[in-house]
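Visitor: Hey, got a minute to walk me through this one? I'd like to start from the inside and work outwards.

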Amino acid sequence: MPWIKVEDCIGCGDCVEACPVDAIAMADVVAVIDMRDCIRCGTCHDACPQGAVRHDGEKIPEEVDANVNRAVWCMDACVRHLGGEIERKKCLERMIKHFTKEKTVAEKTLERLQTLSKEIEST
Ligand code: SF4
Ligand code: SF4
């Protein structure tokens, strides 16, 4: 999914013009993508003269940090609100279950999409 690296955007509006579904607008002098409308066509990546439309793979480390920080925050809150250090480990186990579920959802989604890809190739 595309995202705008704000510090590299010069506000030229080329991506706004190029987007086939009007998912990009200017907010002050910076482009903003409405992900509810984005169809992941990739056109905006090629349209930007500054390379300011970035790929979401670059956000993986940031998203992992956010997940870990959120888990630590939940553990601290569980200790405070539920009664003692014993809650830290229980909370961590729940977070591990949560992300294990997310991983399963991603794996099963990929399986379905790969099947779809084979079906499309054979038509
Ligand atoms: S990927 Fe396509 S639909 Fe999404 S914002 Fe870029 S140009 Fe628009
Ligand atoms: S094309 Fe690039 S520099 Fe121009 S508004 Fe869009 S993101 Fe910003």
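Guide: Sure. Keep in mind that this is a predicted model. The largest nonpolar core has 9 residues: Cys15, Cys19, Ala23, Ile24, Ala31, Cys44, Cys48, Ala52 and Val53.

Visitor: Which residues is Ala31 in contact with, leaving aside its neighbours within four places in sequence?

Guide: Those are Ile4, Cys9, Cys15, Val16, Ile24 and Met26. Of these, Cys15 and Ile24 belong to the largest nonpolar core along with Ala31.

Visitor: OK, ligands next. Which residues come nearest to ligand 1?

Guide: Cys19, Cys38, Cys41, Thr43 and Cys44, out of 14 residues around ligand 1. By class, that shell has 11 nonpolar, 2 polar and 1 charged residues.

Visitor: And which are the closest to ligand 2?

Guide: Cys9, Cys12, Asp14, Cys15 and Cys48, with 14 residues surrounding ligand 2. The class split for ligand 2 is 10 nonpolar, 3 polar and 1 charged. Cys15 and Cys48 also sit in the largest nonpolar core.

Visitor: Switching topic: what does the domain assignment give?

Guide: Domain 1 covers 3-54 and domain 2 covers 59-121. Their centres, taken over C-alpha atoms, are 30 Å apart.

Visitor: What about helix α4, how many residues does it have?

Guide: Helix α4 has 36, running over residues 86-121. From first C-alpha to last it reaches 53 Å, close to the 52 Å expected at 1.5 Å a residue.

Visitor: How many of those 36 residues are buried?

Guide: Just 1, so to speak a hardly covered helix.

Methods
Residues are numbered from 1 along each chain as its sequence is written. Chains are lettered from A and ligands numbered from 1 in the order in which they are written. This is a predicted model: local features need pLDDT of at least 70, side-chain atom pairs count only at pLDDT 80 or more; totals for chains, interfaces and linings use all residues. A residue is near a molecule or strand if its C-beta atom, placed from the backbone, lies within 6 Å of it. Ala, Val, Leu, Ile, Met, Phe, Trp, Tyr, Cys and Pro count as nonpolar, Asp, Glu, Lys and Arg as charged, and the others, Gly among them, as polar. Domain bounds come from an automatic or database domain assignment. Helices (H or I, at least four residues) and strands (E, at least two) are DSSP runs, numbered from the N terminus. The expected span of a helix is 1.5 Å times one less than its number of residues. A residue is buried if 20 or more other C-beta atoms lie within 10 Å of its own, exposed if 12 or fewer, and partly exposed in between; C-beta atoms are placed from the backbone. A nonpolar core is a set of buried Ala, Val, Leu, Ile, Met, Phe, Trp, Tyr and Cys residues joined through C-beta atoms within 7 Å. Two residues are in contact if their C-beta atoms, placed from the backbone, lie within 7 Å.
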